[in-house]
Amino acid sequence: LLLATYSTFLESRPPAFETYAVAEILSLAHLAPELQLHIVHLSAMEAIPMLREARAKGVKITAETCFHYLALAAERIEEGDTRHKCCPPIRSQSNQDALWTELLQDQAE
């Protein structure tokens with residue numbers, strides 16, 4: 001059954017949903033330039049450049065991710081295993097690698 005696969009769940013929650021939300025927040029940041037903004041549960045690597053660019057422009061924004069986005073990858077979730085369904089979803093190994101790269105880079109700065 002196609003609905004039992006994790007890939008179907010993942011495809012129903014694309015990174016664009018997350019990046020759209022981040023873009024919306026950033027588009028309103030000018031209304032309260034002293035307000036510290038924070039993104040919770042960042043899972044989409046596509047949002048990282050958006051956050052870096054906003055910070056470079058002086059927007060006070062931070063983000064955090066979660067353990068499961070750093071430890072689990074969609075490719076390793078077995079068919080029918082619903083224990084890993086969360087929103088935003090656990091994404092690909094390459095996405096996980098990008099989150100780690102950003103996390104470690106920020107630690108070095």
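The following questions and answers walk through a predicted model of one protein chain.

Student: How many helices and strands does the chain have?
Tutor: Read along the sequence, the pattern is α-α-β-α-β-α-α. The C-alpha atoms fill a box of roughly 50 × 30 × 15 Å along the principal axes. The count is five helices and two strands.

Student: Which element has the lowest mean pLDDT, and which the highest?
Tutor: The chain averages a pLDDT of 92, and 93% of the residues score at least 70. Where pLDDT is low, predicted coordinates should not be read in detail. Among the elements, the lowest mean is 88 and the highest is 98. The lowest belongs to α5, the highest to α2.

Student: What share of the residues in the chain is buried?
Tutor: The accessible surface comes to about 6,900 Å². Carbon and sulfur atoms hold 63% of that surface. The chain has 109 residues, and the buried share is 31%.

Student: What percentage of the contacts with a separation of 6 or more comes from residues 24 or more positions apart?
Tutor: Take the contacts in the chain with a separation of 6 or more. Then keep the pairs that are 24 or more positions apart. Their share is 66%.

Student: Which element gives the largest share of the largest nonpolar core?
Tutor: This core has 20 residues. Tyr-6, Val-22, Ile-39, Leu-42, Leu-51 and Ile-61 touch the most other members. The elements that give two or more residues are α1, α2, β1, α3 and α4. The largest share is three residues, and it comes from α3.

Student: Which residues does Val-22 touch, not counting residues up to four places away in sequence?
Tutor: Val-22 is one of the core residues that touch the most other members. Ile-39 and Leu-51 are also in that group. Beyond four places in sequence, Val-22 touches Ile-39, Ala-47, Met-50 and Leu-51.

Student: Are the rings of Tyr-6 and Phe-9 stacked, edge-to-face or tilted?
Tutor: The chain has one aromatic pair. Its ring centres, in Tyr-6 and Phe-9, are 5.7 Å apart and the planes meet at 50°. Stacked needs an angle under 30 degrees and edge-to-face one over 60. The angle falls between these cut-offs, so the pair is tilted.

Student: What separates Tyr-6 and Phe-9 along helix α1?
Tutor: Both residues are buried. Tyr-6 and Phe-9 are three residues apart in helix α1. That spacing is about one helical turn.

Student: Which backbone oxygen does the side chain of Ser-12 reach?
Tutor: Ser-12 sits in the loop between α1 and α2. At 37% relative accessibility, Ser-12 counts as partly exposed. Its side chain reaches a backbone oxygen at 2.6 Å. That oxygen belongs to Phe-9.

Student: What distance separates the C-alpha atoms of Ser-12 and Pro-89?
Tutor: The two residues are 77 residues apart along the chain. In space, their C-alpha atoms are separated by 9.6 Å.

Student: Is His-41 buried, partly exposed or exposed?
Tutor: His-41 lies in the loop between β1 and α3. Its relative accessibility is 35%. Buried means under 20% and exposed over 50%. The value lies in between, so His-41 is partly exposed.

Student: What is the phi of His-41?
Tutor: Most residues other than glycine have a negative phi. His-41 is not a glycine, yet its phi is positive. The angle is about 55°.

Student: Is the peptide bond from Cys-87 to Pro-88 cis or trans?
Tutor: Most peptide bonds are trans. Pro-88 lies in the loop between α4 and α5. For the bond from Cys-87 to Pro-88, omega is near -5°. The bond is cis.

Student: Is Glu-102 buried or exposed?
Tutor: Glu-102 is in helix α5. Leaving aside neighbours within four places, Glu-102 contacts Ile-48, Arg-52 and Arg-55. Its relative accessible area is 12%, against a limit of under 20%, so Glu-102 is buried.

Student: Which residue offers the backbone oxygen that the side chain of Arg-55 reaches?
Tutor: Arg-55 is in helix α3 and counts as partly exposed at 32% relative accessibility. Not counting residues up to four places away, Arg-55 touches Ile-61 and Glu-102. Its side chain reaches a backbone oxygen at 3.0 Å, that of Ile-61.

Methods
Residues are numbered from 1 along each chain as its sequence is written. This is a predicted model: local features need pLDDT of at least 70, side-chain atom pairs count only at pLDDT 80 or more; totals for chains, interfaces and linings use all residues. Side-chain values use heavy atoms; hydrogens and water are left out. Helices (H or I, at least four residues) and strands (E, at least two) are DSSP runs, numbered from the N terminus. Buried means under 20% relative accessible area, exposed over 50%, partly exposed in between (1.4 Å probe, protein chains only). Contact means heavy atoms within 4.5 Å. A nonpolar core is a set of buried Ala, Val, Leu, Ile, Met, Phe, Trp, Tyr and Cys residues joined through side-chain atoms within 4.5 Å. A polar contact is a pair of N or O atoms within 3.5 Å; within protein, one must be able to donate a hydrogen and the other to accept it, and residues adjacent in sequence count only if both atoms are side-chain atoms. pLDDT is the predictor's confidence in each residue, from 0 to 100. Accessible areas come from the Shrake-Rupley method with a 1.4 Å probe; for residues, only the protein chains shown count as cover. Rings of Phe, Tyr and Trp (its six-membered ring) pair if their centres lie within 6.5 Å; planes under 30 degrees apart count as stacked, over 60 as edge-to-face and the rest as tilted.
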